[in-house]
Amino acid sequence: MKISYNWLKDYVATTLSPSELDDLLTFSGLEIEGVEKVETIKGGLEHVVIAQVLTCEPHPDSDHLHLTTVDVGKGEPLHIVCGAPNVAAGQKVVCAQIGTKIWTSDTEFHEIKKGKLRGAVSEGMLCAEDELQLGNSHEGIMVLPDDAPVGMPAKEYFNVKDDYTLEVAITANRSDATSHIGVARDIVAVLNTRNGEHLKIQWPEVNTALTVNEKPSKDGIKVTVEESKLCPRYSGLTIRNVKVDESPDWLKDKLRTVGLRPINNIVDITNFILMEVGQPLHAFDADKITGGQVLVKCLPQDTPFVTLDGVERKLDHRDLMICNEKEGMCIAGVFGGEKSGVTMETKNIFIESAYFNPVSIRKTSKRHTLKTDASFRYERGCDPNITLWAIRRAAFLVQQLAGGEICGDIVDVYPEPIKPAEVRIDFRRVFDLVGKEIPLDAIRIALTSLDIEIVEENAEGMLLHIPTCKVDVYRECDVVEEILRIYGYNNVEFDERLNSCLSYGAKPNPNRLKNIASDYLVYNGFNEIMNNSLTKSSYYDNSEDFKSAYNVEILNPLSKELNVMRRTLLWGGLECIVYNMNHKIFDQKIFEFGRTYELTEEGCEERKQNGDNTTPVPVTKAYKETQHLTFFMTGSYTSESWREKSRKVDIFDAKLHLMNILHRLRMPMGRLTEQTSTEHFLAEGLAYQFKDSKKQLAVVGRISRDVLQRMDIKQEVFYVDIDWDLLLKTFPVKDITFSEISKFPEVRRDLALVIENSVTFAQIEAVARATEKKLLKSVSLFDVYQGKGIADGYKSYAVSFVLQDPEKTLNDKQIEAVMIKLQNNLEKQLGAKIRQ
């Protein structure tokens, strides 16, 4: 938001420079992003002078151009080709010399250069008033009075003033600072508190004679508010027989300085008050208010409405509208309508000054992607108790600049007045939060300078009434923040002592385990991703794995794409894969640590009882939050190389990384069972459960074709998900112990086993380790065969067994006994036979 330095000094008597104000405001919690020198007219009329036309002859090769010689007050007269119909010898004119920038918009201009027109040299330009932003006429060049001094810079003649604009970054909690008076209030408070000055806001003049009534006079516009929750207060005033005209220079200059385009005196007054005090106003052509009545209500779904920009929009049934008896005239607090605005032909006006529900305005603004100065302020929360002051100020200015007759009283519909918030502060808590004992006089000055009323005070604290302009100040800590920023953050000294304490963290250390897994994946070519916890509900519609009834829905979603909390990391990962593929990256290995969210059974039951999702239920009962580690693999496993042929990723690559992570994290593999996964989004998958609790720790598999088609992915994607919270709960708490490497040799024996296709290597390993716990060191699979010599439904596994005794060398008899025992148990439990 732009704040004019000169305009600001209309409300606070300060001699501080713009750079000093920059520092003062920034270090009092109102960040200034930049200070820029500006002129009331873009470019400051640099190189433009008052000149006199000496001669004027028709151009021999044109029926509308003229050849002129122009005296600019110094040197030889300039030769200028002019196309204006009213140019004549002896006129005093405005001349743009070579180097002048003629601005066509805030960002575009063309520079005057020496050139030729139809063969004649032209060394400048005689200007119309609209070309120099001095007016709107383009009927001909500006002709000045005879006493205009030749050679005088146009900047001086037209009294073009220099100014500075402060670009203020308005955060969501500082709606009170969205105006010049709001910023001036902070300046007054800081200077009074820190420097001991006695400044006050210099409030501008208003029409104090106006009275207030809920019902209008006979000639006034009536007001009916049907949606009082969306419009808690609506004030209006009818003024007849106004003269709509161009605004005076002082008003146009102020608006241009803060980036607003002057339109006419009535509209400019509403914009001026918006920037002055932060209260949006809207002026209607009263003759276009059919039936002489304003209705504040919502219209049916998809009602067409044409806004001021000429765009037809379909209204939502929740959009608050300002209507006449037949149709909508304005989207309340957001944007005006095409038909009801004030034009140069308007004679009678109705001025609106209202307080609208901030949430409603924000939703409407988002729905229609309309961001206006009014919606910017309304959605942050305007002051509901300044509407009457703003109307009185508007009436005063309208009568000054456009005349007119006020029709009766101000209509003010305010059924439930909003009272100032009442906050009690305790001095000791104030000092604890600030970190310093602030003098009580400084606290009093800071509060009263911010218009915070001290209702009562004792040795322990104060009872305060917070003005309604400070919508985000309603707790003790909010008041402390106000005191601290005005007192000055830099005035709170740092303690030079350094304190430390020893802390003991319970095992396992979650961050350390997370780093172990992350490091492993990164070392193996994976890239970490981070996705939004919000996603779209359509991912869970008709899903057999994630029932939509368990969705945690957002009460006030930013869009339909972000309307639920994610139930799984699957969709975010697939979105990343699609994004990368669209950028021609087809070989991908990515992983993500993230949380998933869903309703518990209690939460679902509570939702059914409520009948909707608008009533939150107790967090401890309703919601389940789980951390997961998920990774994806797609494309080629290794990049192309002259040394080896590239191959595609398969499920065994994904399983290998899963097993390696579990081994690195000391997961007791003997407690896990491997079985076919039940997830429908996997075409083939394996699930790993704990034998005792039946809780699923991890799943690995290939994403189904249906899911890939839905995401428009044309190559296989492999998926691994680990329940990280469950892994942490089952992590061994005992420290790793180290032992000396055995001096005695290992012995390897191989068995070629014929087994059914349903038998897995994990089952073979589990039987082997249960059979021989002391001597069996490792079991590995080194060959798989199906084909000639093997019956249908069977396969051959070549399995190696490594035996070692830590205390002595094994002899053949011991080795043979172990292998016989292994063969017998494998045959008995798994039906395995030795391949002949």
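Asp805 is found in the loop between strand E41 and helix H21, where helices (H or I, at least four residues) and strands (E, at least two) are DSSP runs, numbered from the N terminus. This is a predicted model, in which local features need pLDDT of at least 70 and side-chain atom pairs count only at pLDDT 80 or more, while totals for chains, interfaces and linings use all residues. Residues are numbered from 1 along each chain as its sequence is written, and side-chain values use heavy atoms, with hydrogens and water left out.

With a relative accessible area of 5%, Asp805 is buried; buried means under 20% relative accessible area, exposed over 50%, and partly exposed in between (1.4 Å probe, protein chains only). Leaving aside neighbours within four places in sequence, Asp805 is in contact with Ser742, Phe744, Leu775 and Leu810, contact meaning heavy atoms within 4.5 Å. A polar atom of the Asp805 side chain also lies 2.9 Å from the backbone nitrogen of Glu807; a polar contact is a pair of N or O atoms within 3.5 Å, and within protein one must be able to donate a hydrogen and the other to accept it, with residues adjacent in sequence counting only if both atoms are side-chain atoms. The C-alpha atoms of Asp805 and Pro745, which are 60 residues apart along the chain, are separated by 8.1 Å.

After this loop comes helix H21, which covers residues 812–830. At the start of H21, a side-chain oxygen of Asn811 reaches to within 3.2 Å of the backbone nitrogen of Lys813. The helix has 19 residues and reaches 26 Å from its first C-alpha to its last, close to the 27 Å expected at 1.5 Å a residue, the expected span being 1.5 Å times one less than the number of residues. Within H21, the residues Ile815, Val818, Met819, Leu822, Leu826 and Leu830 are buried. They cover an arc of only 95 degrees around the axis, which puts them on the same side of H21; the arc is that of the directions from the helix axis to the C-beta atoms. These buried residues pack against strand E39 (747–756), helix H20 (761–771) and strand E41 (794–803), whereas on the other side of H21, Lys813 and Lys828 are exposed. H21 is followed by Gly831, whose phi is positive, near 75 degrees.

Helix H9 (residues 387–401) can be described in similar terms. Its 15 residues should span 21 Å at 1.5 Å a residue, and its end C-alpha atoms are 21 Å apart, which agrees. Twelve of the 15 residues of H9 are buried, so this helix is largely enclosed by the rest of the structure; among the buried ones are Trp389, Arg392, Arg393 and Phe396. Just after H9, Gly403 takes a positive phi of about 70 degrees.

A positive phi also appears in residues other than glycine, at Arg118 and at Lys584. Most residues other than glycine have a negative phi. The two residues are set out here.

| Residue | Phi | Loop | Relative accessible area |
|---|---|---|---|
| Arg118 | near 55 degrees | between strand E9 (115–117) and strand E10 (120–122) | 48%, partly exposed |
| Lys584 | near 65 degrees | between helix H14 (570–582) and strand E33 (588–599) | 66%, exposed |

Another loop residue is Pro85, found between strand E5 (78–82) and strand E6 (92–97), and this proline is exposed, with a relative accessible area of 66%. The C-alpha atoms of Pro85 and Gly140 are separated by 6.3 Å, although the two residues are 55 apart along the chain. Thr165, by contrast, has its place in strand E13 (residues 162–168) and counts as buried at 3% relative accessibility. Leaving aside neighbours within four places in sequence, Thr165 is in contact with Ile3, Gly34, Val35, Glu36, Val38 and Thr257.

Turning to the protein as a whole, there are 21 helices and 42 strands. Of its 836 residues, 48% count as buried, and residues 24 or more positions apart account for 70% of the contacts with a separation of 6 or more. Along its principal axes the C-alpha trace spans about 130 × 85 × 65 Å. The protein has a radius of gyration of 40 Å, whereas a compact globule of 836 residues would have one near 28 Å; the radius is taken over C-alpha atoms, and the globule rule is 2.2 Å times the number of residues to the power 0.38.
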